[in-house]
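Before reading on, please look over the structure shown here and turn it slowly. The paragraphs below start at the ligand and then move to the interior and to some single residues.

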Amino acid sequence: MSASINPFNLTAMNTLGLQSAAARVLHFTQLAQLAQWCADPELNHLPSLVLGGGSNLVMSEYIANNVIQVGLLGKRLAREDDTAWYVAAAAGEPWHPFVQWTLAQGWGGLENLSLIPGTVGAAPVQNIGAYGVEIKDVFEQLTAMHLKTGEQRVFTLADCQFAYRDSVFKQAEAGQWVITEVIFRLAKNHQTQTNYGDIERELALLNLGSTPSAVSQAVINVRQRKLPDPAQIGNAGSYFKNPIVSAAIHQQVLAKHPNVVAYALPDGQFKLAAGWLIEQAGWKGKRLGPVGMYEKQALVLVNHGGATAADVLALERAVQADVLAQFGVLLEAEPVKW
Ligand code: EPU
């Protein structure tokens with residue numbers, strides 16, 4: 001394990017590119033190094049910021065807590081039965097190359113989650129999802145180490161308490177565990193899921209059928225058109241969650257705004273498209289200081305250069321206030337704040 005010089009600059013380690021520094025960054029590549037660190041009372045402060053790709057974070061200018069950077073690598077077929085391939089990946093593996101590797105092996109299931117930034121270990125924390133598929137749909141189990149006790153524990157699907165962009169690792173257990181390995185269950189009878197509007201259209205254009213690899217390519221094309229590449233312009237993907245509202249609230253919004261984009265959920269509630277709400281509130285492509293809402297996807301907050309967390313939070317509040325005033329709906333930010 002390498003401990004950093006104090007203070008450690010984190011600006012290049014968060015995809016929003018916010019100016020940020022931490023008291024201490026610990027980088028590890030071996031599980032034994034992490035275990036050793038967990039056993040050291042001098043180093044062991046909770047909660048700690050566990051850093052994957054830094055793609056779902058709003059980092060403050062100075063982070064006094066320890067920052068732990070997960071450098072565990074490796075991927076393998078853990079086991080196979082008649083129904084599925086169980087594929088294990090170490091937490092530090094970059095997500096998109098891992099997805100591409102599974103597809104190259106002929107194992108479908110992760111194709112809709114192509115091109116999502118970040119690491120394998122970060123993926124379950126927010127239950128990443130796109131184009132109708134979420135991690136929870138392909139999840140078998142994960143292993144994590146408790147930062148205080150060094151206990152290694154397996155979390156099953158039920159243990160993770162997955163919900164829309166949420167898990168136990170963002171709630172009761174936040175900052176307590178380092179996820180070290182995730183196992184995915186990739187079903188042998190997998191059927192690709194292409195019913196998300198943009199994907200069907202893109203697949204028709206590609207004319208490559210609807211194999212997992214073709215769907216992956218369609219997803220990549222759609223994402224590249226709409227979402228800014230963090231290497232070019234700082235962002236953390238969708239900045240707000242799509243709000244879930246009761247049928248009554250949906251009716252109220254619909255009465256005033258017949259064009260509202262909404263999806264009926266099985267439980268009778270409705271998910272509203274936050275990007276649509278933000279666009280209607282006039283924020284698409286609009287800036288506040290060095291930050292703004294992206295011109296091609298209003299749900300994505302972008303850093304035009306030199307921003308700090310305070311700039312991001314000012315824009316978050318301004319957008320929330322305008323959407324609340326116009327629609328009576330409070331948007332909830334998605335990234336984790338440190
Ligand atoms: N829309 C607008 N204006 C906008 C943006 C969107 O009217 O500026 C409308 C679109 O026309 C569409 C609807 O809103 O009818 C939904 O838009 P889109 O398909 O782009 O998806 P989203 O709901 O905005 C969610 C996820 C994305 C994920 C896509 C595709 C959340 C918070 N975001 O976005 O996830 O890639 O669906 O599944 O659920 C992320 O979490 O970082 C992320 C990018």
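A good place to start is S238, where a backbone N or O atom lies 2.8 Å from an oxygen atom of the ligand, a pair that fits the term polar contact, used for N or O atoms within 3.5 Å of each other (within protein, one atom must be able to donate a hydrogen and the other to accept it, and residues adjacent in sequence count only if both atoms are side-chain atoms). This is a predicted model, in which local features need pLDDT of at least 70 and side-chain atom pairs count only at pLDDT 80 or more, while totals for chains, interfaces and linings use all residues. Residues are numbered from 1 along each chain as its sequence is written, and side-chain values use heavy atoms, with hydrogens and water left out.

Side chains also reach the ligand: an N or O atom in the side chain of Q297 is 2.8 Å from a ligand oxygen atom, and a polar side-chain atom of K284 lies 3.3 Å from an oxygen atom of the ligand. On its own the ligand has 820 Å² of accessible area, and the protein covers 83% of that, as computed by the Shrake-Rupley method with a 1.4 Å probe (for residues, only the protein chains shown count as cover).

Which residues come nearest to the ligand? Of the 24 residues around it, they are Y131, Y164, Y196, E279 and Q297, where a residue belongs to the surroundings if one of its heavy atoms lies within 4 Å. By class, this shell has 11 nonpolar, 6 polar and 7 charged residues; Ala, Val, Leu, Ile, Met, Phe, Trp, Tyr, Cys and Pro count as nonpolar, Asp, Glu, Lys and Arg as charged, and the others, Gly among them, as polar. At least two shell residues come from each of β9 (129-130), α5, β14 (234-238) and α7 (274-280), and α7 gives the most, with 3 residues. These labels follow DSSP runs numbered from the N terminus, with helices (H or I) of at least four residues and strands (E) of at least two.

Turning to the interior, the largest nonpolar core has 39 residues, and W95, L110, I135, L142 and F184 have the most contacts inside it. Such a core is a set of buried Ala, Val, Leu, Ile, Met, Phe, Trp, Tyr and Cys residues joined through side-chain atoms within 4.5 Å, and buried means under 20% relative accessible area, exposed over 50%, and partly exposed in between (1.4 Å probe, protein chains only). Apart from this core lies another, of 33 residues, among them L277, A298, L299 and L301. In soluble globular proteins, nonpolar side chains tend to be buried together.

Not counting residues up to four places away in sequence, W95 touches residues including L110, I135 and F184, where contact means heavy atoms within 4.5 Å. T102 lies in helix α2 and, because its relative accessibility is 0%, counts as buried. With the same sequence limit, T102 touches V87, W107, L110 and L186.

What makes A325 exposed rather than buried? A325, which lies in helix α8 (residues 309-327), counts as exposed because its relative accessibility is 68%. P290, found in the loop between β18 (287-288) and β19 (291-293), counts as partly exposed because its value is 23%.

Finally, R165 has a positive phi of about 50° although it is not a glycine, and R165 counts as buried because its relative accessibility is 15%.
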